[in-house]
Amino acid sequence: MKKIGFLSFGHWSPSPNSGTRSAGDALLQSIDLAVAAEELGADGAYFRVHHFARQLASPFPLLAAAGAKTKRIELGTAVIDMRYENPLYMAEDAGAADLIVGGRLQLGISRGSPEQVIDGWRYFGFQPEEGKTEQDMARQHAEVFLEVLKGQGFAQPNPRPMFPNPPGMLRLEPHSEGLRERIWWGAASDATAIWAAKMGMYLQSSTLKFDESGKPFHIQQAEQIRAYRAAWAEAGHTRAPRVSVSRSIFALVSDEDRLYFGAGRPEEDQFGYIEPEKRAVFGRGYTGEPDQLIEELRKDEAIAEADTLLLTVPNQLGVEYNAHVIESILKYVAPALGWR
């Protein structure tokens, strides 16, 4: 059995060919898709966070609104770029959103990816300390965030406060018990996956990974997951780890599917550079008739290793069509693979 959710980048464009023409469209349709996915029996609604782009950017209002309209589905991010975040303010936002949704948040965080502008985090008021990198800054922000989510007091109370204080040092409020244990780290390398395990974070591994061996993407990703699980066990955490992978999977079950995705183009891994001197491998997508998909997906070692699968959706094709994409996997593919 696997948890199956969707992952949306929330793209929007004023193009007449787009079904999502404004930021408002992207946000409201994201909420509607979360509702539809829950009704179909999916397990998660996850959203990407990109700054300075015509995409979703501010996750907590969206997560809270989606949570207010749903009852069961997990609500998460994949991922929040911690280079841009004030970890204390983020902890307050996350705590409030988690309380609104009844403890269903699954927050994916990371050091982020190349953005739309150069060093965009500088515009948010952040810069690495002397001798540190932006990656170091992201991990430092993450460590502070994880610490304050524990709910322990750390701030000296005012001896003459406006309102009465509880005894002792004060913590951030609102605090949501258990949220600290539902934080995920988006890892692009084996080393950061191992670090995430040591920190007690779950693992998110996307359709991109730094190339560390030249092997096919799904094999490198499966090796990353196994290294993460070994590090988790070595760290001695008492709860079970979780691992998600994301994939573009489209079952061709209607004429509309074949019109959009049935061009028959070859699907294979791609190797390239997303940063200077950082070679990456981009995982293939899967498109085909259900029987074909089932046979191909059986061979994906990383999906087999993961407990959660996030289906990337073409959100600009509209809520109804994206709900159909999710339903097609749940109905025609997942049962045959033992995911359901």
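Let us start with one residue: Tyr228 is buried, with a relative accessible area of 0%. Keep in mind that this is a predicted model, and that every value here is computed from it.

**Aromatic pairs**

Tyr228 has an aromatic partner, Trp232, which is also buried, with a relative accessible area of 3%. Both residues belong to helix 6 (residues 217-235), where they sit four residues apart, or about one turn of the helix. How do their rings meet? A pair of aromatic rings is described by the distance of the centres and the angle of the planes. For Tyr228 and Trp232 the centres are 5.9 Å apart and the planes stand at 50°, so the pair is called tilted.

This pair has company, as the whole structure holds 11 aromatic pairs. Another one joins Trp185 and Trp195: with ring centres 4.9 Å apart and planes at 75°, the pair is edge-to-face. Trp185 lies in strand 5 (residues 183-186) and Trp195 in helix 5 (residues 190-198), so this pair ties together parts that are 10 residues apart in sequence. Are these two residues buried or exposed? Both Trp185 and Trp195 are buried. Elsewhere, Phe52, Tyr84, Tyr123 and Phe124 come together as one aromatic cluster.

**An open sheet beside helix 6**

Helix 6 also leads us to a sheet. This open sheet has three strands in the order 7-11-10, and their pairing is antiparallel. Its edge strands, each pairing on one side only, are strand 7 (208-210) and strand 10 (270-275). On average, and ignoring direction, neighbouring strands of this sheet are turned by 40° against each other. Three bridges link strand 7 with strand 11 (residues 278-282) in the antiparallel sense. Here Leu208 stands opposite Phe282 in strand 11. Helix 6 packs on the sheet and touches strand 7, strand 10 and strand 11, while its direction makes about 70° with that of strand 7.

**Parallel strands around strand 1 and strand 13**

Now look at strand 1 (residues 3-8), which is mostly covered, with five of its six residues buried. Which strands pair with strand 13 or strand 1, and over how many bridges? The table gives the pairings, along with one example of facing residues for each.

| Strands | Sense | Bridges | Residues standing opposite |
|---|---|---|---|
| Strand 1 and strand 13 (residues 308-312) | parallel | five | Leu7 and Thr312 |
| Strand 1 and strand 2 (residues 44-47) | parallel | four | Gly5 and Gly44 |
| Strand 8 (residues 243-247) and strand 13 | parallel | four | Ser244 and Thr308 |

Thr308 also serves as the bridge partner of Lys3. Strand 1 takes part in a further arrangement: together with helix 1 (residues 23-40) and strand 2, strand 1 makes a right-handed β-α-β unit.

Why is strand 13 described as largely enclosed by the rest of the structure? Five of the five residues of strand 13 are buried, so the description follows. It helps to recall that in a regular strand the side chains alternate between the two faces of the sheet. In strand 13, Thr308, Leu310 and Thr312 are on one side, and Leu309 and Leu311 are on the other. These residues are all buried, and both faces of strand 13 are covered.

How values were computed:
Residues numbered from 1 in each chain as written. Predicted model: local features only at pLDDT ≥ 70, side-chain atom pairs only at ≥ 80, totals over all residues. Heavy atoms only, no water. Phe/Tyr/Trp six-rings, centres within 6.5 Å; stacked < 30°, edge-to-face > 60°. Helix = DSSP H or I, 4+ residues; strand = E, 2+ residues; numbered from the N terminus. Buried < 20%, exposed > 50% of the residue type's maximum accessible area, 1.4 Å probe, protein only. Pairing = 2+ DSSP bridges. Axes fitted to C-alpha atoms, helices over the stretch in contact; angles between N-to-C directions. Contact = heavy atoms within 4.5 Å. Right-handed = clockwise from strand over helix to strand, strands pointing away.
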